[in-house]
Amino acid sequence: MEMGKLESKIAVIGVGNMGQAIVSGLLKQNLVLKKHLFLSHSSEDNKRVAENSDIIILAVKPQQINQVLLSIKDVVSAKQLIISIVAGVEITNIKKLLNRDQWIVRVMPNLAVTVGKSISVWVKS
């Protein structure tokens, strides 16, 4: 392991403005190896990136979350951490759609994340 880097494999589902900002920040701050990042740009990729990761970051629009969770629920395991930045979607809703008691962290970053200056509020399940 390189000094200061996470060894966890991280999937980012939804690589719009906020997803890209998170990926950029992880790489810029030297927190994760590029080879440990798995990005999903489409619903076909969601399952593949989720099953190969230790941490799954959900960075999709609220109207997409049901479809995304249903597409990955068969490959998500109790060993994985799910981090959601999806606005307006509560932890209980995520657990209900996944149909399991899962480790979930809900984070609300602000737009300053795009320039690496965000303060984010979070809560865990």
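**Entry 1: strands β5 and β6**

I started at the end of the sheet and looked up the partner of Met-108, which stands opposite Val-121 in β6. The model I am reading is predicted. Strand β5 covers residues 103–108, and I find it paired with β6 in the antiparallel sense over four bridges.

**Entry 2: the sheet as a whole**

Next I followed the strand order. The sheet is open, has six strands and runs β2-β1-β3-β4-β5-β6, with mixed pairing. I noted β2 and β6 (121–124) as the edge strands, since each pairs on one side only. From one strand to the next, the twist averages 20 degrees.

I then checked which helices pack on the sheet. Helix α2 does, with contacts to β1 (10–13), β2 and β3. Its direction makes about 160 degrees with that of β2. Helix α3 also packs on the sheet, where I see it touching β1 and β3. For α3 the angle, taken against the direction of β3, is about 160 degrees.

**Entry 3: Lys-124**

I went back to edge strand β6, where Lys-124 is found. Is Lys-124 buried or exposed? It is exposed, because its relative accessible area is 57%, and the cut-off for that class is over 50%. Leaving aside neighbours within four places in sequence, I list Ile-91, Ile-104 and Val-105 as the contacts of Lys-124.

I also took a distance across the model. From Lys-124 to Val-32 the C-alpha separation is 22 Å, with the two positions 92 residues apart along the chain.

**Entry 4: Val-32**

Val-32 was the other end of that distance, so I looked it up next. This residue lies in the loop between α1 (17–28) and β2 (37–40). Its relative accessibility is 1%, and therefore I log Val-32 as buried. The C-alpha atom of Val-32 is 8.4 Å from that of Lys-9, a residue 23 positions away along the chain.

**Entry 5: two asparagines**

I searched for positive phi outside glycine and wrote down two residues. Asn-30 has phi near 60 degrees. Asn-30 is found in the loop between α1 and β2, the loop that also holds Val-32. I class Asn-30 as partly exposed because its relative accessibility is 41%, which falls between the cut-offs of 20% and 50%.

Asn-99 also has a positive phi, near 60 degrees. I place Asn-99 in the loop between α4 (91–98) and β5. With a relative accessible area of 62%, Asn-99 is exposed.

**Entry 6: Val-23**

I turned to helix α1, which holds Val-23. Which residues does Val-23 touch, not counting those up to four places away in sequence? I find Val-12, Leu-37 and Leu-39. The C-alpha atoms of Val-23 and Leu-37 are 8.0 Å apart, and the two residues are separated by 14 positions along the chain. Val-23 has 9% relative accessibility, so I record it as buried; the limit for that class is under 20%.

**Entry 7: the largest pocket**

I then opened the pocket list. The largest pocket holds about 670 Å³ of space. Its lining has 23 residues, and Ala-21, Ile-22, Gly-25, Leu-26 and Val-113 lie nearest the centre. Which element gives the largest share of this lining? It is α1, with six residues. I noted β3 (55–58) as well, since α1 and β3 each supply at least two lining residues. By residue class, I get 14 nonpolar, seven polar and two charged residues.

**Entry 8: the second largest pocket**

The second largest pocket holds about 440 Å³ of space. I count 22 residues in its lining, with Gly-14, Ala-59, Val-60, Lys-61 and Gln-64 nearest the centre. The elements that each supply at least two lining residues are α1, α2 (43–51) and α3 (65–72). Helix α1 gives the largest share here, three residues. The lining divides into 10 nonpolar, 11 polar and one charged.

My last note ties two entries together. Helices α2 and α3 each supply at least two residues of the second pocket's lining; α2 packs on the sheet, and so does α3.

Terms used
Residues numbered from 1 in each chain as written. Predicted model: local features only at pLDDT ≥ 70, side-chain atom pairs only at ≥ 80, totals over all residues. Heavy atoms only, no water. Buried < 20%, exposed > 50% of the residue type's maximum accessible area, 1.4 Å probe, protein only. 1 Å grid on protein atoms, 1.4 Å probe; cavity = no way out; pocket = protein on both sides within 12 Å on 5 of 7 lines; lining within 4 Å. Points joined across faces, edges and corners; volume = space filled by probe spheres on them. Nonpolar A, V, L, I, M, F, W, Y, C, P; charged D, E, K, R; others polar. Pairing = 2+ DSSP bridges. Axes fitted to C-alpha atoms, helices over the stretch in contact; angles between N-to-C directions. Contact = heavy atoms within 4.5 Å.
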